[in-house]
Amino acid sequence: MMQFYKTHSEDETITLGVEFAKRLTIKSVVTLFGDLGTGKTRFIKGVCKGLGVQEHVASPTFTLLNEYTGKEMNVFHFDFYRIKTISELDEIGFDEYLYGDGVCLIEWADRVKALLPSNRIDVFLKLGEDENTREISVHEIAEVES
Ligand SMILES: Nc1ncnc2c1ncn2[C@@H]1O[C@H](COP(=O)(O)OP(=O)(O)OP(=O)(O)O)[C@@H](O)[C@H]1O
Ligand SMILES: [Mg+2]
């Protein structure tokens, strides 16, 4: 399933994130793709707001991960912009977050593409026709029920 949105301000992108958060569960993995300044962190701010996170939400700069406490679940906010080698993922125990309990929100997911689970929600962000416009598409790979 693919959904397309267009936002015209950072607040609209945050609101989209709040709405999007309603579909998430404790096992969700959300991977964000998009160039610098396309709004990945703004979207995540909205998601965290929707999940009831009270802490300040910002990209981790000196670590790869920020952890927040949501109302019903923990939230793990990754940013792989500065990752140099994949071994850094082993050091932080990335897999345990991916397959553990808590929502994973991953900026610069393309940096670790080979290691991502196939059961995830992709969010693609692009600059739109003007400075405050963003084109955002959400692609959820349908999970096969067994
Ligand atoms: N429609 C919009 N949605 C989101 N951000 C917008 C929008 N219009 C303008 N902006 C601005 O674009 C910037 C988006 O910054 P943000 O940190 O969310 O991007 P990012 O994709 O996380 O970048 P980075 O790759 O550096 O982490 C902010 O300065 C924000 O004010
Ligand atoms: Mg960011």
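Which residue in E5 is the bridge partner of Val30? Keep that question in mind; Exercise 1 answers it.

**Before you start**

This is a predicted model, in which local features need pLDDT of at least 70, side-chain atom pairs count only at pLDDT 80 or more, and totals for chains, interfaces and linings use all residues. Residues are numbered from 1 along each chain as its sequence is written, while chains are lettered from A and ligands numbered from 1 in the order in which they are written. Helices (H or I, at least four residues) and strands (E, at least two) are DSSP runs, numbered from the N terminus.

**Exercise 1. Find the partners of strand E5.**

Step 1. Begin with the opening question: Val30 has Leu105 as its bridge partner in E5. Two strands count as paired if DSSP finds at least two bridges between them. E2 and E5 meet that rule, with 4 bridges in the parallel sense.

Step 2. Now look at E4 (residues 74-79). Here 5 bridges join E4 to E5 (residues 103-107), and the two run parallel. His77 has Leu105 as its bridge partner, and Asp79 stands opposite Glu107.

Step 3. Check the surroundings of E5. A residue is called buried if 20 or more other C-beta atoms lie within 10 Å of its own, exposed if 12 or fewer, and partly exposed in between, with C-beta atoms placed from the backbone. In E5, 5 of its 5 residues are buried.

Step 4. Sort the side chains by direction. In a regular strand the side chains alternate between the two faces of the sheet. Val103, Leu105 and Glu107 point one way from E5, and Cys104 and Ile106 point the other way.

**Exercise 2. Describe the surroundings of Asp79.**

Step 1. Is Asp79 buried or exposed? Asp79 is buried, because 24 other C-beta atoms lie within 10 Å. Its strand, E4, is mostly covered too, with 5 of its 6 residues buried.

Step 2. List the contacts (C-beta atoms, placed from the backbone, within 7 Å). Leaving aside neighbours within four places in sequence, Asp79 touches Ser59, Pro60, Leu64, Glu107 and Trp108. Pro60 is 19 residues away in sequence, and its C-alpha is 6.4 Å from that of Asp79.

Step 3. Follow the contact to Trp108, which sits in the loop between E5 and E6. Trp108 is buried, with 21 other C-beta atoms within 10 Å. Most residues other than glycine have a negative phi. Trp108 has a positive phi of about 55° although it is not a glycine.

Step 4. Return to E4 and find its antiparallel partner. E3 (residues 65-69) is joined to E4 by 5 bridges, and Asn66 stands opposite His77. The two strands form a hairpin with 4 residues between them.

**Exercise 3. Work out which side of helix H1 faces inward.**

Step 1. Take the length. H1 (residues 10-21) has 12 residues and reaches 17 Å from its first C-alpha to its last, close to the expected 16 Å. That expected span is 1.5 Å times one less than the number of residues.

Step 2. Mark the buried residues: Thr13, Ile14, Leu16, Gly17, Phe20 and Ala21. Seen down the axis of H1, they fall within an arc of 155°, so they line one face of the helix. The arc is that of the directions from the helix axis to the C-beta atoms.

Step 3. Turn to the face away from the buried side, where you will find the exposed residues Asp11 and Glu19.

Step 4. Name what the buried residues of H1 pack against: strand E1 (2-7), helix H2 (40-50) and strand E7 (134-140).

**Exercise 4. Connect helix H2 with ligand 1.**

Step 1. Count the buried residues. In H2 they number 9 of 11, so this helix is largely enclosed by the rest of the structure. What covers them includes H1, E2, E3, E4, E5 and E6.

Step 2. Look at the shell of ligand 1 (residues whose C-beta atom, placed from the backbone, lies within 6 Å of it). Of its 20 residues, Thr13, Gly39, Lys40, Thr41 and Arg42 come nearest. H1 and H2 each supply at least two residues of the shell.

Step 3. Sort the shell by type: 2 nonpolar, 12 polar and 6 charged. Ala, Val, Leu, Ile, Met, Phe, Trp, Tyr, Cys and Pro count as nonpolar, Asp, Glu, Lys and Arg as charged, and the others, Gly among them, as polar.

Definitions and conventions. Contact = placed C-beta atoms within 7 Å.
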